[in-house]
Structures are given as C-alpha cells and as structure tokens.
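Got your viewer open and a hand on the mouse? Let's take a walk, one selection at a time.

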Amino acid sequence: MTPTDRVPVLRIASITKTFGAVNALSDVSFSVARGEVHALVGENGAGKSTLVKIVTGVLEPSSGHIELDGEPTGFGTPVDARRAGVAAVYQDPKLFPHLDVAENISMGATPVTALGVVDRKAVVARARESLARIGVAIDPHALIAELSVAELQFVEIARALVADLKLLILDEPTSSLTPAEAEKLFRIVRDLRDHGTAILFITHRLEELTLIADTVTILRDGRHVATRPAAEMSRTEIVRMMVGRPLEGMFAGRAKRTPGQEVLRVEGLTREGAFSNVSFALRAGEIVGMAGLVGSGRSEIAQACFGLSPPTAGRIAIDGVPVTPRSPKQMLALGLAYLPEDRDGLGLIMSAPIVDNVTLPILDRLAKLGFIDEAAGRTIASEAVETYHVRTTGIDQLVSDLSGGNRQKVAFARWLSTRPKVLILDEPTHGVDIGSKAQIHGIIAQLADEGLAVLVISSDLPEVLGVSDRILVIAEGELVAEMDAGSVDQETVMMAATRNTRDSAHAH
Amino acid sequence: MLTEGGEAPTDGEARTALGQFALRFRVSGVAAFLLLLGVAFTLLRPQFIAPGNLSAIISNAAILAIVAAAQAVVLITRNLDVSVGSIMGFSAYLTADFAARHPHVGPALVLMPLTIGGALGALNGVLVAYGRVSPLIATLGTMSVYRGLTYVYARGQEITASRLPAWMNALPEVRIAGVRLLVVIAIIVVCLLAAFLRFYPLGRRMYAVGSNVSASAFFGLRTQRVVLFAYILGAVLCGLAGFLYAVRVGTVTVVLASGWELTSLAAAVIGGVSVAGGSGNVIGAALGAVVLATIDNGLVLLGIPEFWRMFIQGAAIVLAATADMIIAGQVRNALRARRRIARAAP
C-alpha cells in the first residue's frame, strides 16, 4: 500500500496548541493519504490526544491549520467534523447505554416518516447495512449496555459509516480488546483502507504497527519527531525516538545506600478487573519507582494498599504485621500515606487556607479535650511551609491561589504531618513547573534519607530513572519487571511497559 | 454470563441476562408487584376485589398518574422537579379564581392551567438547563416561590365549590362508557405521552440526554433545549393535573397538592423510572401511581392508621431508588468483569 501522490485527505499544517504556559503541541505537521493507515505513537503526554481533539473540532489550535482534501478547514464541533466525513472512535466509546444499537447509530440524524414519527424500519435497516459493511453481526436491537467494549467500537465505526467517511480516527482502540477482537478490528480497518478511507491509528502497542500501519508518525513532548513508512522502522528505533530526549540534568541520580528493614510487603494483590497478582516490598529509606502506561493499573494498586478500594485477593503487611486495608483512616493510622494524582480534586481542599489543609489529617492529634489547639496547628503549618519551600504569602493563603508546584508541596506537607512510614506518591510532578519539580525530587530524596519508604508512581521515565533506587514496571495490571534503577535505560523500561500479554500468550 | 469471555462476544447472541432484565423488564416488574399486592389484600380483606373498590382505586390514582408521568419525563433526562405540587396548586388556584369571576367561560378554561404550568416549567427549565443550577436546588426554590405566590395572591382565601361554575362541579361525575372522565383523560394523556417518548425523535433525544449527556454533544444533540422542553412538558401536565384535582375536590385551597413532589417521585421510581436518567417510561410511572393508590386503599381496609402512608411512601422511594442503584452497579460490574476476562483470555 503506497500512499498516492494525490492531495492528502488530511494535512496537519504547523499546528501549535498551548494551554497557559504549557506547549501541548509545537509546530506539528504531517499528512494522511487516502487509503493509508497512519499510526500515531508517542509517550503519555506527547500530545496525541490533543492532536485528535484539534482534528475533530473539540479543541481549537493556537496556531496552524487543518486541511481536508486540500481545503483549509476548522471544525467548530465534533458534529461539523462528522458531517465533513471525519469521525473518531475513542477508547471509551461515547454512546447511549440505555438505547439500542440501531438507535445509537442513527441518533442525531434519525429518519422520520411523513408523520414526524421515528422511522423504526429505516433506523434498523440503516444499522443492519452499516454493520454488514464492516462485517460484524451485532443485533441492532441489543442495548448498548449489553455490549462488550469491542462491540461498542464496532458500533462507533458503523455509525461513522452512515455519513460519507473520509478519515477515521481510532484512539487506542485495542487497549481493552481480546486478541481475537483486535484481529477483527484490524480486518475492518484494512477493509476500510482498501476502499479508500484514510485512517489515523493511535496506539501504545508497538507490535501492532507491523500488523496494521503503513506509515508511522512519532510525537515527543508535543513535537513532531518523524514520519516514515512503517516497514522501514524497527520497534527499537521507534521506542528510541519516542523517549529520546537527553536525561535532564536535574536527575543527579541517587547515591547508593543500604535500605533498612522491610516496612511494606504486598503479596499476590488482585482486584478483579483492575490488576492481578502483584507482589513487591518496600524497605525503609528506599525510593521505588512504579512505571507503566496510563491505565495500566498503577494507581489502582496504590489505592488498594491505601484502603480506598479493597483488593479481592492478596495480602498486605506493614512492619511484618498482616493488615486488611479497609479505609484510608485505618491505613494512615498504620503509617501509610498516599498522595493521589488528582491532587486538586482529591489531595487538597482548594477553597481552604494552607494551615487547614496541612492540619486536616492530624486534627485528632491536635485536639485537646475535644477542642482543636489552633496555635499548635499554626506552628506545624509554618514549619511545613518552611521545610518544603512553599512560595506563599503566609499560611492563611488559600491553596487555590498557589501554583501547581506549590500546591503539590502543600499536599506533601499535609500527608507528612501524619508522620507516615510509607509514602506513596502518584504522579507527584504532573503539571508542575521545572523549578518546583527539582525541589519535589529533592524533598523525596530527603524523606528517604530520613528513613521513609517511598513509592513513586510516574509516567515520566526520566523522573522514574532519576529518583528511584529500584523500578517496578506495570503493564495491563500485572507486575512485568523489576529493575535496578542504576543499570537500566529508558528504552528497556518502555519496552517492558509496552509489553503485551499477547506477546507471551500468542506469538511464536 | 462470565463464561462467554473467551469467545469473541461479537456474535450478538450470548447477552447478559441481568442487563436485559434490569433495563427492559422493569415495567413488567411493577405490574407483577401490583398483582401480588392485589392478591395479598384480597386474601386479607375479600371486599378489596369488589368492582366498586377497584374503580375507586383507579379514580384515586388517575390524577397522580398524570403527575407521576410528568415527573418521569423530567427524571428520564436525568433531572428532577420537586415543584410539581406547587405548579399544580398555583395553576389550580388562579384558574378556579378566574372561573369564579367569569362563570361564562366554558371548558376552554382548561387552556389556562396548561399555559400557567408551561410558564412555570419554563422558568425551572431555564434555571436548570441554562443557569446550570442543580435540579434539586432550583426546583426546591421554585417550589417555595410558586407556593408563596399562591399564598400572596389568595391572601389565605379558599375558593369553595359554590363559587365555581356548574359545569366544573358536574365534571367529576361525567362518565364515558361507565368510566369516569378523569380516568379517561389520565389514560389518554399517559398513552399519548408514552407514544411521544417512544416514537418521536424529540422523545428519543430525551432518553439520549438522560442516558449520556457527554455523548449527546458528540451526536449534535442540543441538550439544553431538550432539558428545557422536558421541564415545560412536565409542568404543562402538572397544570392539567392541578385543574383536574381542583375540579375533583371542589374546594380549592392554597395548599392544594402540597407534598405531591414526594408522592409523584415515589410513583415514578416504584414504576421503574431510574433517578439516574435514561431509563423507564411513563406507563410504569402511571402503574406506580396505581400501586400507591392500592396501598392506600388496602391500609384503609386493614384499618391501619393513615399516618403510615407517609412512612410507606418514603420507604418505597428509598427502597426503589436503592434497588435501582444496586441493579445499575451490578450491570456495570458484570460488564467490567466480562471485559477483564475477555482481555485475559489467550
């Protein structure tokens, strides 16, 4: 399948998108031709989703433009995009669970009879026809809530076919499909391609590229790295281009030291539908990084340890004493603290001042005869602001007025005021500026030196490699590798994280 | 259900029985419950089954059935209207007052409560859909506003049957083929509404918006307009119900239909309308009204104090809504587990 020399279906011309001071995309340009499967790959946060949103009209670019069939286009809404023949199928399909398949396919452009009544026969016939075109046998009368994820995606594709489809965008479609389902999806994609549809295929599973992609475009940190025929690139080469930034200077690397005794042990931890059979141990004074793709189950594992969502199987021990995590309150009392990824929503009370945020988890301790000792609380908060270099006008400043990095430091102070033995940090530097990032890394190292066991969940590979002593790699809810941070590079970790259960189950 | 995971479940054959049951057969569930209730009361008090008693139950349920259907319309879009009772009271009082002053106006008068109801519903709809006020807060506020206006307008005066025109006083006794006009109107209204929701594009969009608001935007549905329309439609029906209620009791007081927000919600939820939006229908809601009327009637026959009524209504809402959430949760879990097993399969 060589792309034709004719005008490309989609041309992305110098697209830049900024969110505040952050560049999500900088000057990205490439084209997708008729009858081509064009794969878009990159690490989490490389800008793939932002690009899809711009193409489908969900977001507007800050500069640059999109051309469809050579014509400059700017879609105001996803509906405009769809009318122009551009449809996107998302990882989590956007359909109506209570309505049936036929109705979902026609919704928004429902055929009616002369009386203005929904023409049920036409609705069902239309659904049958487009489902047949992609060769899947889904009952048009089945409710969406009854379908599997693969079937939902097929319905979305069928829906896209009702209009004249020029460009189909698939956003990580295979991430929750079985091998058989994925094969079926590939067959549909190849079939559409052979009929002239352009396909933009976003994936994390690099081994799929050889199966389906004609061309590969690699994004890194919002920049376009390369666009090349898939056949010319090896998986190792692609991985190198995906992660290929130089290690930033601030990761000095940790000096070797001998960890203390084991404080947290997790054995065979499983929660149905999220992760299975995860075992690891944390020792005092040790920083362990947890790497993996977004959605691989890392946060769920941490939350299970913290008592937020009970595991269905497995054992947890703190200081060698077995515990059953039931609630965060219980785990906090046992010396385990967890800083969630969504710190603004879950980790902090935005509308309250720093002092209230810092002292909230230790109100019991501050209480004297049932009354809160406010003076003691203020002292603790002031000390915390100093220790963690929070840039603020004072402990009475509202958390919502602080920058992202300083909010994260308050979140640290808040959980550390509970004097934990084990600290789990979920994406601690996500959305944090470079300066605060370095300070946060410094704080993490300092805490470990003071004897805390720290688990750092991060999608930022240089960060994981830079701050950790040891690295656990999670893929699809399973612990797939444990590595010594000193002796691995980003490629090795990325290869493990993009490992596919299919690789082991199916191939060779 | 979980065993099908290994196969690619794309053949459209093996479906989750639970999902089917939860989403499709709620209405039959209410009908079955009603039957069960009837059998139980008949066994305890044989006079329950007497035609006169059954017809009394239906008459009592008729107006509530309309209001429950109105509530269902709003619930289907994943919203709530707690001002239904106040809308009934306001429309009924103004209409009765007008009728007392202008006795020559004939049955065309019925347009008045419909218009008033529609206007009050439009205010609710604008607050919720465009003002983005939480439906509970917005309509709780207007419930008080509308009732307050009724008090201010009435200055505590009630309108007695003697001041109403003769045709209004005669209305409750009008029968068509032996069935009370009230009941006939309720049946027609509920059936028309059911047909509208089932067969018209706008009706289907109301389900779509309630089912998944965020997807609605991707489908080009104007969700705000749909929600506004649901509030207006519901309130027009409440205006009608208020008028019928005034006619039925004869004396129109300022507290007419107080507490109906809870009763209508109970009827709708018992009738299988999900408070989480997107599922249920108005026939179910109307049957829910019959269930409540049957319980009322049964309690009287059994000599149980009327105060238990409130307790039973509240308990019914809590039980039905809890069951609703549990079923929805189970469906979700079943789907998730199936997906996981499908993934793990070689």
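Start by selecting A:Leu170 and A:Phe201: A:Phe201, in S8(A), is the bridge partner of A:Leu170. Before you click on, know that this is a predicted model, where local features need pLDDT of at least 70, side-chain atom pairs count only at pLDDT 80 or more, and totals for chains, interfaces and linings use all residues. Residues are numbered from 1 along each chain as its sequence is written, while chains are lettered from A and ligands numbered from 1 in the order in which they are written.

**Stop 1: strand S7 of chain A and its partners**

Select residues 167-171 of chain A, which are strand S7. Helices (H or I, at least four residues) and strands (E, at least two) are DSSP runs, numbered from the N terminus. S7(A) and strand S8 (residues 198-202) of chain A run parallel and are joined by five bridges. Two strands pair if DSSP finds at least two bridges between them. Strands of a sheet pair through backbone hydrogen bonds, either parallel or antiparallel.

Now add strand S6 (residues 86-89) of chain A, which pairs with S7(A) in the parallel sense over four bridges. Look for A:Ala88 opposite A:Ile169, and for A:Val86 with its bridge partner A:Leu167.

Is S7(A) buried or exposed? Five of its five residues are buried, so the strand is largely enclosed by the rest of the structure. (Buried means 20 or more other C-beta atoms within 10 Å of a residue's own, exposed means 12 or fewer, and partly exposed is in between; C-beta atoms are placed from the backbone.) Color the two faces to check: A:Leu167, A:Ile169 and A:Asp171 are on one side, with A:Leu168 and A:Leu170 on the other.

**Stop 2: the whole sheet**

Zoom out to the open sheet of six strands in chain A, ordered S6-S7-S8-S3-S9-S10, with mixed pairing. S6 and strand S10 (223-229) stand at the edges with a single partner strand each, so one side of each is left without a neighbour in the sheet. On average, neighbouring strands here are turned by 20° against each other, direction ignored. (Axes are lines fitted to C-alpha atoms, for helices over the stretch in contact, and angles run from 0 to 180 degrees between N-to-C directions.)

Next, show the helices lying across this sheet. Helix H5 (residues 149-162) of chain A lies across S6 and S7, at about 175° to S6(A). Helix H6 (residues 179-194) of chain A lies across strand S3 (37-41), S7 and S8, at about 150° to S8(A).

Also pick helix H1 (residues 48-55) of chain A, where six of the eight residues are buried. Among them are A:Leu51, A:Ile54 and A:Val55. After H1(A) comes A:Gly57, with a positive phi near 85°.

**Stop 3: another sheet in chain A**

Here six strands form an open sheet in the order S16-S19-S20-S13-S21-S22, again with mixed pairing. Which strands stand at the edges? Strand S16 (336-339) and strand S22 (478-484) do, each with a single partner strand, so each has one side without a neighbour in the sheet. Inside the sheet, strand S13 (residues 287-292) and strand S21 (residues 470-475) pair in the parallel sense over five bridges; click A:Gly292 and its bridge partner A:Ile474 to find them. Helix H18 (residues 490-497) of chain A lies across S13, S21 and S22, at about 30° to S21(A).

**Stop 4: over to chain B**

Switch to chain B, with its 14 helices and two strands. Of its 346 residues, 47% are buried. Select helix H3 (residues 51-76) and helix H11 (residues 223-249): they pack at about 170°, with axes 8 Å apart. The two are therefore roughly antiparallel (angles over 145 degrees count as that, under 35 as roughly parallel, 65 to 115 as roughly perpendicular and the rest as oblique).

For a last click, choose B:Ala289. Leaving aside neighbours within four places in sequence, B:Ala289 is in contact with B:Ala61, B:Leu64, B:Ala65, B:Ala68 and B:Ala267. (Contact means that C-beta atoms, placed from the backbone, lie within 7 Å.)

Methods. Two residues are in contact if their C-beta atoms, placed from the backbone, lie within 7 Å.
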